[in-house]
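Me: I'd like to go through the labels used for this structure and ask what stands behind each one. Could you take me through them?

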Amino acid sequence: MQTRSLSTRLARIALILLAPLIIAGCGVNTIPTKEEAAKAKWAEVQNQYQRRSDLIPNLVNTVKGYAAQEKSTLVEVTEARASATQVKVDASTITNPAQFQQFQQAQDKLSGVLGRLMMIQEKYPDLKSNENFLALQSQLEGTENRIAISRRDYNDSVQDFNTTLRTFPQVLWAKSVYSSSKPMVLFSATQSAQTAPTVSFDTTPPPPPAGVTPGSPPPAAPAPASK
């Protein structure tokens, strides 16, 4: 009897010790692990958009000092920034398509008007050579690159998570233990997102005079008047 009791106790202890390994091996931790990874990527997207937002007031003030007459563009940038920062987002946003779309549209609109602001520099040589403007330009360029990378990484992580919710055997856990875990929304490549500002622009040459075909030789000089 004592031997049987000891064997039962040992079996229970072994089961307790092996239970975590058995559970881990069947993928019960996969969904929350990938969900937290996707949320971390979302936090990085927000971080980079916030960094861009923080740069804009100084950029607007610098441009205003050299191109105050570009009032309409300056106002558009300021208003677009205000609209983008007023969109409230949190962890639940990435599982709410309507809120996510509102956030993306606001950020994409800001990208568009910010691109027009940066193009103003071509009309003002003094602005193009201003050290403060050049520093802000460089920071903005780096931020736009980081935004693109963070959005890409977020999409990759979300695609992985969403696939996990629908594939065997994790779909069994998704339907039972993790029924509150919902698919997340991906960033879409809208037209405005595709035209996010690049802050290095080549000067566009002036159009040719009327009646002159681009690439044709210049017109001959008029013959001197005969005496």
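Reply: Gladly. In this predicted model, residues 24 or more positions apart account for 81% of the contacts in the chain with a separation of 6 or more.

Me: What is the order of elements along the chain, from the N terminus on?

Reply: The run is α-α-α-α-α-α-α-α, with eight helices and zero strands in the chain. Buried residues make up 32% of the 227 residues. The chain exposes about 14500 Å², and carbon and sulfur atoms supply 57% of that area.

Me: Why is α3 called roughly antiparallel to α4?

Reply: The axes of helix α3 (residues 71–86) and helix α4 (residues 97–119) cross at roughly 160° and come within 9 Å. Angles over 145 degrees count as roughly antiparallel, so α3 is given that label with respect to α4. The crossing of these two helices is left-handed.

Me: Which residues make the contact between them?

Reply: From α3 come Thr-73, Leu-74, Glu-76, Val-77, Ala-80, Arg-81, Ser-83 and Ala-84. From α4 come Ala-106, Gln-107, Leu-110, Val-113, Leu-114, Arg-116 and Leu-117. By class, the contact has nine nonpolar, three polar and three charged residues.

Me: Why does Ala-174 count as buried or exposed, whichever it is?

Reply: Its relative accessibility is 13%. Buried means under 20%, so Ala-174 counts as buried. The residue sits in helix α7 (residues 170–175).

Me: What does Ala-174 contact, leaving aside its neighbours within four places in sequence?

Reply: Ala-174 is in contact with Ile-31, Leu-165 and Ser-179. As for Pro-32, it lies 142 residues from Ala-174 along the chain, and their C-alpha atoms are separated by 9.9 Å.

Me: And Thr-30: what makes its label what it is?

Reply: Thr-30 has 21% relative accessibility. Buried would need a value under 20% and exposed one over 50%, so Thr-30 counts as partly exposed. Thr-30 is found in helix α2 (residues 30–66).

Me: Which residues does Thr-30 contact, again leaving aside neighbours within four places in sequence?

Reply: Those residues are Thr-164 and Gln-170. Thr-164 is 134 residues from Thr-30 in sequence, while the distance in space is 8.0 Å, C-alpha to C-alpha.

Me: How do you know that Thr-30 touches Thr-164 if their C-alpha atoms are 8.0 Å apart?

Reply: The 8.0 Å runs from C-alpha to C-alpha. Contact means heavy atoms within 4.5 Å, so the label for Thr-30 and Thr-164 rests on heavy atoms.

Key: Residues numbered from 1 in each chain as written. Predicted model: local features only at pLDDT ≥ 70, side-chain atom pairs only at ≥ 80, totals over all residues. Heavy atoms only, no water. Helix = DSSP H or I, 4+ residues; strand = E, 2+ residues; numbered from the N terminus. Buried < 20%, exposed > 50% of the residue type's maximum accessible area, 1.4 Å probe, protein only. Areas by Shrake-Rupley, 256 points an atom, 1.4 Å probe, with all protein chains shown as cover. Axes fitted to C-alpha atoms, helices over the stretch in contact; angles between N-to-C directions. Parallel < 35°, antiparallel > 145°, perpendicular 65-115°, else oblique. Left-handed = near helix turned anticlockwise from the far one by under 90°. Nonpolar A, V, L, I, M, F, W, Y, C, P; charged D, E, K, R; others polar.
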